[in-house]
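Here is a short report on how two chains meet and how each is built inside. Have the structure open as you read.

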Amino acid sequence: MELELGSLLPVWSAIPFAGILLSIALFPLLAPVFWHHHYAKVSAAWSVVLAGPFVLGYGVPAVHELAHVAVVDYVPFIILISTLFTIGGGIYVRGSLRGSPATNCVLIAIGTVLASWVGTTGAAMLVIRPLLRANRARRHRAHTIVFFTFLVANIGGALTPLGDPPLFLGFLHGVPFFWTFTVWRETATAALVVLAVYAAHDVYYWRREDALVREPHRGPREPLAIEGWHNLLFLGGVLGAVIVSGIWSGGDVVILGVRQQVQNLVRDAVLATMMAASWLTTSARIREQNEFSWGPIREVAILFAAIFTTIIPALAMLRVGERGAMAFVVRAVREPAHFFWASGILSSFLDNAPTYLTFLSTALGRLYPGVGEDVAIPRLIEAHAAYLRAIATGSVFMGANSYIGNAPNFMVKSIAEESGVSMPSFFGYIIRYSLPVLIPVFALVTWLFFR
Amino acid sequence: MQGRDDVVRAFVAGFLAARGGREGQVMFGSDLHLEPESLGERVKELFLTGSHVVLVAPEPLAEALADAFREHGGAGATLERRRAIREAAFGFRAEMFSRSLATAFRQALQDSVPQGTRADDLQETEDVHPEAHGVELYAPVHDYIYRASGRVAGSFPGVVEIRRRLAEMEFVQVERLHLEGNQPEIIR
């Protein structure tokens, strides 16, 4: 059904998908207040522009596609993101540190490792405040926040499907949970090189700080403590549920005409339970300290409803490979290095989750045109794993290239600015940091792993 | 002055030490971020860095320093032009996202203002979006935005002091220092 649609759909049916992605990328920069108040209407408009003609033109197959994307992708995705966000927002690191290069490197390294387990948003929310407090007295702070964004909000999330939304979408589409660990070499290389560059930067600026700032702190100091640590147990529950759903088969049920596996429903139920348990057992004070609200979940729920609706034609066209109207895309990207840079460049400016799905479909359309995902993805992993590694790392790593590349980037910028750190402008971030630091690192990753 | 910056600095340090003057009485244009007065100065700044020095000193110290340069040859540095400064000024622009920062900025601009110094054309706005309080991912707006712009003008030392205060603050952009005074008197 889906394969027929892919070869029938015209290329312009992907316009609403491009529209919602460009809206998410450009409105926060060009009209932030308008976007803040009206993003739900804009998202709904793009959804209706696609769904109306799609259902009228293609009838039952179109309705089935909409139901499929809702049951298989959207609902599990929102449940996971909400759960990780609720659990991450229930942990608060108290205490004050001295923002020396060693302390900053350790904090950023901890955040980078955590990112794959609590998600890039959760790790960023957890570590940004201790990092800001540690550097309160320093004059040169913006570079620390930028490198934190590179590592904690992006690169660190590459190792598990919990780390970054694109990888969880890959998991939902059949990529095994533990397969994601196979990108550890690419992740370790990128993370260590970027951390080393940061250390050199921070030592340089540290030497230019006032002597008073560099002196070891004397007098009483608030000791380090983790509040809400019991949320780590709920995190363990999430991890267990996701892993079990990938290895246990409990049969199928049909929901809204869509076949869904029982283990996935059990997983989502466990996740929802963990979220509720975290909410009920964490004190309101911890959530206030983290400035926790349901606002970000609302944003994700609304925007991804539009993304998952409008992405249907693009994915369907790509999956049929050169038989579809997007054959030019399938022909343009052929080698793993192409996939790494193509998914990366798009992820630099558009949301990385749909970008990942788009290039996964492109790879499947090129290598296994017309074959269902349940068969094609295991074959891709077995015979052409470099393609999937390139798409996964390109989508996750290069979200760091700009403020709009990944959702936590803006969150980190906003928290830092409200704490008194003057962050670089949109282009300042790219010109002063991304181009000289990240692009050479990604070129190195390409040379080492995707030649 | 025509001459190397380090040589002029050494000469000035010696001159002040000999008179029992204190450091800082003579200021250097490169430390003050002076706005070039003419196209010629702008070109010199671009292409003759290190060979062209601007000094600012109060009367009668300035006259004595000029005499000292003339009498002792100034270790190769020569006086080129001089002018009396009537007033100094600079423009500024600020955008900040917390009330405490905005308060600190207002204090730097308005509290303990040196005599003879004033803020001209001060424009201040506050945007408050209470619904935007807290963490946001895709639609980030600060819940509080303070913006200000204007110009500080008046007596030279007072303006320099206010400019120093503001330049130390993040989120504040200060323009270069503009000097108003008599037409320059060409010495040679």
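In this predicted model, the contact between the two chains draws 33 residues from chain A and 19 residues from chain B. Together the chains bury about 2,300 Å². Carbon and sulfur atoms carry 61% of that area. On the chain A side, A:His36, A:Glu299 and A:Glu418 supply 25% of the area buried against chain B. No other three residues of chain A give more.

**A residue at the contact**

A:Val300 belongs to helix H13 of chain A. Is A:Val300 buried or exposed? Its relative accessibility is 5%, and the cut-off for buried is under 20%, so A:Val300 counts as buried. Beyond its neighbours up to four places away in sequence, A:Val300 touches residues of both chains. From chain A these are A:Phe77, A:Ile78, A:Ile81 and A:Ala305. From chain B they are B:Leu137 and B:Tyr138. A:Ile78 lies 222 residues from A:Val300 in sequence, yet their C-alpha atoms are 7.4 Å apart.

**The nonpolar cores**

The largest nonpolar core has 146 residues. A:Phe150 and A:Phe304 have the most contacts inside this core. Which helix gives the most to this core? Helix H13 of chain A, residues 295-319, does, with 15 residues.

Look next at A:Phe150. Setting aside neighbours within four places in sequence, A:Phe150 is in contact with A:Ile155, A:Val194 and A:Ala400. The list continues with A:Tyr429, A:Tyr433, A:Ser434, A:Val437 and A:Leu438.

Another core lies apart from the largest one and has 28 residues. Its members include B:Phe92, B:Tyr144, B:Phe171 and B:Leu177.

**Chain B as a whole**

Chain B contains six helices and nine strands. Its radius of gyration is 21 Å, well over the 16 Å that the globule rule gives for 188 residues, so chain B is more spread out than a compact globule. Along the principal axes, its C-alpha atoms fill a box of roughly 70 × 35 × 30 Å.

Of the 188 residues in chain B, 40% are buried. The accessible surface of chain B is about 10,200 Å², and 51% of it belongs to carbon and sulfur atoms. Among contacts in chain B with a separation of 6 or more, 77% join residues 24 or more positions apart.

**Strand S4 of chain B and its partners**

Strand S4 of chain B covers residues 85-96. The table gives its pairings.

| Partner strand in chain B | Residues | Bridges to S4(B) | Direction |
|---|---|---|---|
| S8 | 178-181 | four bridges | antiparallel |
| S6 | 144-154 | nine bridges | antiparallel |
| S7 | 172-174 | three bridges | antiparallel |

Some residue pairs help to place these strands. B:Glu87 has B:Glu180 as its bridge partner in S8(B). B:Phe90 stands opposite B:Val152 in S6(B). B:Ala94 has B:Val172 as its bridge partner in S7(B). In a regular strand, side chains alternate between the two faces of the sheet.

**A helix position in chain B**

B:Ala104 is in helix H5 of chain B, which covers residues 99-110. How does B:Ala104 count by accessibility, and at what value? Its relative accessibility is 32%. Partly exposed runs between the 20% and 50% cut-offs, so B:Ala104 counts as partly exposed. B:His142 is 38 residues away from B:Ala104 along the chain, and their C-alpha atoms are separated by 18 Å.

Methods. Residues are numbered from 1 along each chain as its sequence is written. Chains are lettered from A and ligands numbered from 1 in the order in which they are written. This is a predicted model: local features need pLDDT of at least 70, side-chain atom pairs count only at pLDDT 80 or more; totals for chains, interfaces and linings use all residues. Side-chain values use heavy atoms; hydrogens and water are left out. A nonpolar core is a set of buried Ala, Val, Leu, Ile, Met, Phe, Trp, Tyr and Cys residues joined through side-chain atoms within 4.5 Å. Buried means under 20% relative accessible area, exposed over 50%, partly exposed in between (1.4 Å probe, protein chains only). Helices (H or I, at least four residues) and strands (E, at least two) are DSSP runs, numbered from the N terminus. Contact means heavy atoms within 4.5 Å. Two strands pair if DSSP finds at least two bridges between them. The radius of gyration is taken over C-alpha atoms; the globule rule is 2.2 Å times the number of residues to the power 0.38. Accessible areas come from the Shrake-Rupley method with a 1.4 Å probe; for residues, only the protein chains shown count as cover. Buried area is the accessible area (1.4 Å probe) that two parts lose on being put together, summed over both.
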